[in-house]
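User: Please take me through this model with questions and answers, spelling out the criteria behind each term as we go.

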Amino acid sequence: MHEIFTGNFTQQLPIPDAGIAAALEVLRHGRLHRYNTTPGDPGETALLEQEFAAWLGAKYCLATASGGAAMTTALRAAGVGPGVPVLTNAFTLAPVPGAIAAVGGRPVFVETTRALVLDLADLAKKAEMSGARVVLVSHMRGHLCDMEALMEVCAAKGLMLIEDCAHTMGAAWAGKKSGLWGAMACFSTQTYKHLNSGEGGFLTSDDDTLMARAIVLSGSYMNYDRHLAAPPAAAFEAAKYDCPNFSSRMDNLRAAILRAQMPRLDADCAAWTDRYRMVEAGLTGVPQIGMIRRPQAESFVGSSIQFLLPGQRPAAILAFVEACASRGVELKWFGAPEPKGFTSTHAHWHFAEAQALPQTDAVLAGLVDMRLPLTFSLDDCAQIARIVADEAAALPAV
Ligand SMILES: *Cc1c(COP(=O)(O)O)cnc(C)c1O
């Protein structure tokens with residue numbers, strides 16, 4: 001008798017009651033726009049920025065309409081425009097090269113290691129070859145590269161680092177939080193990330209000039225003085241005349257929903273990692289499965305788990321994914337020939353120049369990915385692992 005999992009891989013936790021109450025309050029007073037404030041009320045968005053900056057340990061924070069908007073704003077603040085090369089991971093999700101393309105930039109893809117992170121030797125090589133001054137590193141699926149070594153490459157090659165922390169909100173390398181390494185960092189609060197406002201994001205920085213530019217670029221008009229996590233007014237003197245307005249603000253309704261989630265964020269991150277460890281334990285030791293080793297220095301948030309099926313033919317992997325699906329376990333395969341749902345690869349991004357990435361292709365050919373929503377119990381995770389291990393054991397030995 002085959003066991004079947006009946007949970008939903010895309011079901012999130014409800015918004016806390018305090019968030020529902022705060023959202024209703026915003027709806028009642030009607031001041032949804034972030035700059036629609038009153039003397040006693042700085043607005044939910046400005047308060048959220050202050051709280052997120054404090055949680056992260058960053059000086060400044062700007063809330064945005066999406067993670068993608070945070071990235072385009074960061075790239076523009078860094079001076080990326082038409083034709084400018086930007087180094088980024090070949091293994092990431094479409095909004096990352098999409099943000100580079102959106103500002104007219106040219107994505108230059110960097111190879112992926114078997115640990116699913118940026119290949120730093122290839123980064124150094126491509127920095128030389130492309131003449132890029134900016135690297136947008138995507139901590140894809142929560143995997144952090146050796147951040148100290150990355151900082152050394154950035155210093156040696158004169159690269160400004162922007163972090164895409166869509167999957168590393170709550171993660172750290174050597175005790176320093178993801179988002180505090182780069183000149184700027186971008187976060188997403190889209191439903192499938194670590195905070196949920198449907199759509200939304202953050203851009204954080206300690207740099208006065210970059211943050212002043214970002215705030216004006218995000219569509220602040222001349223309301224930058226209503227921000228609580230922003231540089232002093234003097235920092236805006238150049239930005240307010242130089243930077244165009246690309247409306248990409250967060251609103252007070254979303255901010256109200258997010259503020260109520262901040263107190264539970266750390267506990268949620270720990271709960272994700274408990275789920276990850278449960279699935280990891282259940283898959284370890286299956287000969288057909290190649291686990292991704294997590295470095296000692298990395299403290300990650302296990303909101304998804306990845307593994308490799310080395311040496312398997314595409315048809316066998318497809319059959320495995322379908323067999324798991326028929327038992328209720330939803331897996332994504334990065335080696336599929338066609339993009340599907342949220343999953344696509346550099347080969348599908350025809351808006352970027354085609355690039356040879358043999359090492360990345362070899363990794364992605366056998367890469368399987370699974371979401372672990374907090375609505376799963378630890379028992380659910382153990383069952384999921386049993387089903388995946390069972391189906392993987394049916395694959396040819398390699
Ligand atoms: C979701 C995501 C983003 C962008 O977030 P949106 O809020 O959906 O625009 C960026 N990078 C990665 C890796 C993501 O998964």
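User: Are α3 and α4 roughly parallel, roughly antiparallel, roughly perpendicular or oblique to each other, and what is the class called?

Analyst: In this predicted model, helix α3 (residues 67-77) and helix α4 (residues 95-102) pack with their axes 9 Å apart, at an angle of about 45 degrees. The axes are lines fitted to C-alpha atoms, for helices over the stretch in contact, and the angles run from 0 to 180 degrees between N-to-C directions. Angles under 35 degrees count as roughly parallel, over 145 as roughly antiparallel, 65 to 115 as roughly perpendicular and the rest as oblique, and α3 and α4 are therefore oblique.

User: On what basis are residues, atoms and elements counted here?

Analyst: Residues are numbered from 1 along each chain as its sequence is written, while side-chain values use heavy atoms and leave out hydrogens and water. As the model is predicted, local features need pLDDT of at least 70 and side-chain atom pairs count only at pLDDT 80 or more, whereas totals for chains, interfaces and linings use all residues. Helices (H or I, at least four residues) and strands (E, at least two) are numbered from the N terminus and are runs assigned by DSSP.

User: How do the residues of the contact of α3 with α4 divide by character?

Analyst: Contact means heavy atoms within 4.5 Å, and by that criterion Gly68, Met71, Thr72, Leu75 and Arg76 of α3 meet Pro95, Val96, Ala99, Ile100 and Ala102 of α4. Ala, Val, Leu, Ile, Met, Phe, Trp, Tyr, Cys and Pro count as nonpolar, Asp, Glu, Lys and Arg as charged, and the others, Gly among them, as polar. The residues of this contact divide into 7 nonpolar, 2 polar and 1 charged.

User: Is the crossing of α2 and α9 left-handed or right-handed?

Analyst: The axes of α2 and helix α9 (residues 252-259) come within 8 Å and cross at roughly 40 degrees, so these two helices are oblique to each other. A crossing is left-handed if the near helix is turned anticlockwise from the far one by less than a right angle, and right-handed if clockwise. The crossing of α2 and α9 is left-handed.

User: Which strands stand at the edges of the open sheet of 7 strands?

Analyst: Two strands pair if DSSP finds at least two bridges between them, and the 7 strands follow the order β1-β9-β8-β5-β4-β2-β3 with mixed pairing. Two of these strands have a single partner each, so one side of each is left without a neighbour in the sheet. The edge strands are β1 (60-64) and β3 (106-110).

User: Which strands does helix α5 touch where it packs on the sheet?

Analyst: Two helices can be taken together here, since both are described as packing on the sheet. Helix α2 (residues 44-56) touches β1, β8 (184-188) and β9 (201-205), and its direction makes about 130 degrees with that of β1. Helix α5 (residues 120-130), whose direction makes about 150 degrees with that of β3, touches β2 (85-89), β3 and β4.

User: Which residue of β9 stands opposite cysteine 61?

Analyst: Cysteine 61 is found in strand β1, which pairs with β9 in the antiparallel sense over 5 bridges. At 0% relative accessibility cysteine 61 counts as buried, where buried means under 20% relative accessible area, exposed over 50% and partly exposed in between, for a 1.4 Å probe and protein chains only. Its contacts beyond four places in sequence include Phe52, Ala53, Met211 and Ala229. The residue that stands opposite cysteine 61 in β9 is threonine 204.

User: What is the relative accessible area of alanine 174?

Analyst: Most residues other than glycine have a negative phi. Arginine 141, in the loop between β4 and α6 (147-157), has a positive phi of about 55 degrees and counts as buried at 11% relative accessibility. Alanine 174, in the loop between β6 (172-173) and β7 (176-177), likewise has a positive phi, of about 50 degrees. Alanine 174 is partly exposed, with a relative accessible area of 45%.
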